[in-house]
Amino acid sequence: MCQSTHSSQLFPHGELEQVFPNIWFVQGGWDMPVPLKPRISRSMVIIRHSQDSITLVNSMRLNDEGLKQLEALGRVENVIRLASMHGADDNFYRERYGAKVYALKGTQYTRGLTVDIENTKSYLQPDFWFDEKTRLPIPEAKVWVMRSPKLKEACLLLPQHNGILLSGDMLHNTPRPNSFTNITAKLFMRLFGLARSYNIGVGWWHMTKPSGDELRQLLTLPFEHVLPIHGEPVIGNAKNKYRKAIERFASRSDAKQWHSNTDSNTGHPEREMRG
Ligand SMILES: [Fe+2]
């Protein structure tokens, strides 16, 4: 997770990697706002659509060279924030390019690591609060919202190539510390078993307490690939690759009894995904 703060800071990152036609992925680092400042990995997705319009998902500030490469791809017009504990760089792209910011309805931009959004005020107002019914700037994209955690999260589902799922903190793919993580983060990853492929966001799960039923619903979504907010892209057979972790953490959620049988699907009057 990358908790939002009130200001954007530049952190090291890698090259823009084209993973599908008109879709790029870039990995970088982020200092968690906790003692010892572990620099963990984070990733951004760049989507080009509608006559060279660009939408950034899970935004990450790029350096000057990265911004040049981004500008060469098209016009940066939109930013979509999927995860409650991310978004610190959204305003950077709004100020630099006039990008419209879309953030998930029912979340907030908060400072520090907290799930106590009832007693905090959003430090940033996006241009749009979106949900499953919002028409996003990527016309073919569908939204799926996980509502049972303490902090809501959304996934974006693109239909091409048998389904590309863009996730927030719920799905990670960090088989090893990447080159941007620092020694503290490397130690934490080894110590807490976070250096794993195709995993649930363990810290997110502990903090936000999703229901087991809703975690399992991820497996009903039509996707073949995952572009996660932390770690490496998962190209091909992604649902099967994540299945064990999703089922394991869903069972753990059940055992914790965070949600009763009657409210485990709270907020889901319908499961239809809409763009
Ligand atoms: Fe995160």
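The protein in this predicted model contains six helices and 13 strands. Its radius of gyration is 17 Å, close to the 19 Å given by the globule rule for 275 residues, so the protein is as compact as a globular protein of that length. Measured out along its principal axes, the C-alpha trace spans about 50 × 40 × 40 Å. Of the 275 residues, 44% count as buried. As for contacts, I consider those between residues at least 6 apart in sequence: 61% of them join residues at least 24 apart.

Let me turn to the N-terminal strands. Strand 1 covers residues 17-20, and strand 2 covers residues 23-31. The two run antiparallel and are joined by three bridges. One pairing to locate on the display is that of Glu17, whose bridge partner in strand 2 is Phe25. Strand 1 and strand 2 form a hairpin with two residues between the strands, and in this hairpin Asn22 takes a positive phi near 65 degrees.

On its other pairing, strand 2 is joined to strand 3, residues 39-49, by nine bridges, and this pair is antiparallel as well. Here Val26 has Met44 of strand 3 as its bridge partner. Is strand 2 largely enclosed or open to the outside? Eight of its nine residues are buried, so strand 2 is largely enclosed by the rest of the structure. As a general reminder, side chains in a regular strand alternate between the two faces of the sheet.

I now move to a second group of strands. Four strands form an open sheet in the order 8-9-10-13, with mixed pairing. Strand 8, at 142-146, and strand 13, at 225-227, are the edge strands, each pairing on one side only. Neighbouring strands of this sheet are turned against each other by 25 degrees on average, with direction ignored. Within the sheet, strand 10, residues 164-166, pairs with strand 13 in the parallel sense over three bridges. Leu165 stands opposite Val226 of strand 13.

Next, the interior. The largest nonpolar core has 58 residues, and the members that touch the most others are Val45, Leu82, Leu156 and Leu166. Which residues does Val45 touch, leaving aside those up to four places away in sequence? They are Ile23, Phe25, Val57, Asn58, Leu166 and Leu227. Several of these names have already come up: Phe25 is the bridge partner of Glu17, and Leu166 is itself listed with Val45 among the core members that touch the most others.

Finally, some remarks on backbone conformation. Most residues other than glycine have a negative phi. Two further residues deserve inspection in this respect. Tyr198 is not a glycine, yet has a positive phi of about 50 degrees. Tyr198 belongs to strand 12, residues 196-200. Why does Tyr198 count as buried? It has 23 C-beta neighbours inside 10 Å, and the threshold for a buried residue is 20 or more.

Lys209 also has a positive phi, near 55 degrees, and is likewise a residue other than glycine. Its setting is the loop between helix 4, at 202-208, and helix 5, at 212-217. With 16 C-beta neighbours inside 10 Å, Lys209 counts as partly exposed.

Notes
Residues numbered from 1 in each chain as written. Predicted model: local features only at pLDDT ≥ 70, side-chain atom pairs only at ≥ 80, totals over all residues. Buried ≥ 20, exposed ≤ 12 C-beta atoms within 10 Å, placed from the backbone. Pairing = 2+ DSSP bridges. Axes fitted to C-alpha atoms, helices over the stretch in contact; angles between N-to-C directions. Core = buried A, V, L, I, M, F, W, Y, C linked by C-beta atoms within 7 Å. Contact = placed C-beta atoms within 7 Å. Rg over C-alpha atoms; globule rule 2.2 N^0.38 Å.
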